[in-house]
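Thanks for sharing this one. Here are some notes to read with the model open beside you.

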Amino acid sequence: MTPARPPAPPARSPEPAPTADQATKDAMSNATTVSPAHSASTASTLITNIAALVTNNPSLGDGSPLGLIQDAAVAIEGDRVVWTGDQSKAPATDNRVDAGGRAVLPGFVDSHSHLVFAGDRTQEFNARMSGRGYTAGGIRTTVAATRAASDEELEANLTRYLYEALRQGTTTFETKSGYGLTVEDEARALRIASAHTDEVTYLGAHIVSPDYADDPAAYVALVTGEMLDACAPYARWIDVFCEKGAFDGDQARAILTAGKARGLHPRVHANQLTYGPGVQLAVELDAASADHCTHLTDADVDALASGNTVATLLPGAEFSTRAQWPNARRLLDAGVTVALSTDCNPGSSFTSSVPFCVALAVRDMGMTPDEAVWSATAGGAAALRRDDIGHLAPGARADLLLLDAPSHVHLAYRPGVPLVSGVWRRGLRVV
């Protein structure tokens, strides 16, 4: 379950953009804190009476990958964790929060989402649940709605789903463009997203733009040329949907290589709908993650196990399309680093709930509760090549969540129940 190798250093500074989204600001203003000093950058807070603390650091806890500590406490100073351990040995702090015998986990790291969009695809979902199959072509519906939307409408939609995710424990998220498919619309999507996170991905290669349906080569030239020039200043990552109905292996290679030349690091939508070259291309180009990984050959699994690329599994997509589940057990047993993410998007996985995805992964993908929680926290951090999030060791960013349950296992044991009762991000209680 743990990575076979440490994540590579981040390509850019991992610190998030300093401007919080308005929904988060509202949440922070409404959050209950133990004293006014809690909001000061130099204040220290001790969260104590924790039944089970997930640190994701085996040296701090029981020796398991989760690094569990029973009867624990965690100390925060400013935006960092400064101490974790047995509550009987906790240091003095300015403030104290009583966890009431609940569990505390690192904040969820949602390393794959598509949140800059307009409209929805209710009719498509209804038809699919009535027997129609899922294909990549439905993206065009969202493209039309997104192009027609104003900047203000797109940002309002984005912040709505960010706050929805925050209430469910997500403290770090990645999000993509991909629903504009023109130079102007892709650039504005990334500009809007970059005001809320540094984990921004240029996905001009989501599908071939309807405007270039008769000339895919010209669209690839646009994606690797003028569109890339306009989008690169706002993004950290570049992604491509390498799939039948989207982009083939040669096109994907050209797009990712062009992005790397501009300083963007690759991610790949790989092997979701069929077997294909996406996974092995991701490993070859040292992509941070190959996402979906539903249809894998033995060679694909071997490539992931021997490379630095994380396999990001997105069970919300399989749930919403009634598709074959990824075989997480096969990947884990081969030594592949696995992340879990929501793939929140209006077409194939319209959920912002990491707890829901944890429950699906345990029920239908062969993961244990421990493995699913690790993959939704430390695994997501590895998929973003971040070492400051996804764990609660001293020096980590103080992103954590409080469950209204005595153990992290309840995330799978009580599916659908809103168990997250508190969230701290960068040391501030925001839920």
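1. Let's start with one strand pair: β15 (residues 400–403) and β16 (residues 420–425) run antiparallel and are joined by 4 bridges. Strands here are DSSP E runs of at least two residues, and helices are H or I runs of at least four, numbered from the N terminus. Within this pair, Leu402 has Gly422 of β16 as its bridge partner.

2. A word on the source: this is a predicted model, where local features need pLDDT of at least 70, side-chain atom pairs count only at pLDDT 80 or more, and totals for chains, interfaces and linings use all residues. Residues are numbered from 1 along each chain as its sequence is written, and side-chain values use heavy atoms, with hydrogens and water left out.

3. Both strands belong to an open, mixed sheet of 7 strands, ordered β3-β2-β1-β4-β15-β16-β17. Two strands count as paired if DSSP finds at least two bridges between them. At the edges, β3 (80–86) and β17 (428–429) each pair on one side only.

4. Now the interior. The largest nonpolar core (buried Ala, Val, Leu, Ile, Met, Phe, Trp, Tyr and Cys joined through side-chain atoms within 4.5 Å) has 94 residues, and Leu403 is one of those touching the most other members. Helix α5 (residues 183–194) gives the most to this core, 6 residues. Apart from it lies another core of 16 residues, including Leu402 and Trp424.

5. For the whole chain, 58% of the 431 residues are buried (under 20% relative accessible area, 1.4 Å probe, protein chains only). The chain has 15 helices and 17 strands.

Conventions:
Buried < 20%, exposed > 50% of the residue type's maximum accessible area, 1.4 Å probe, protein only.
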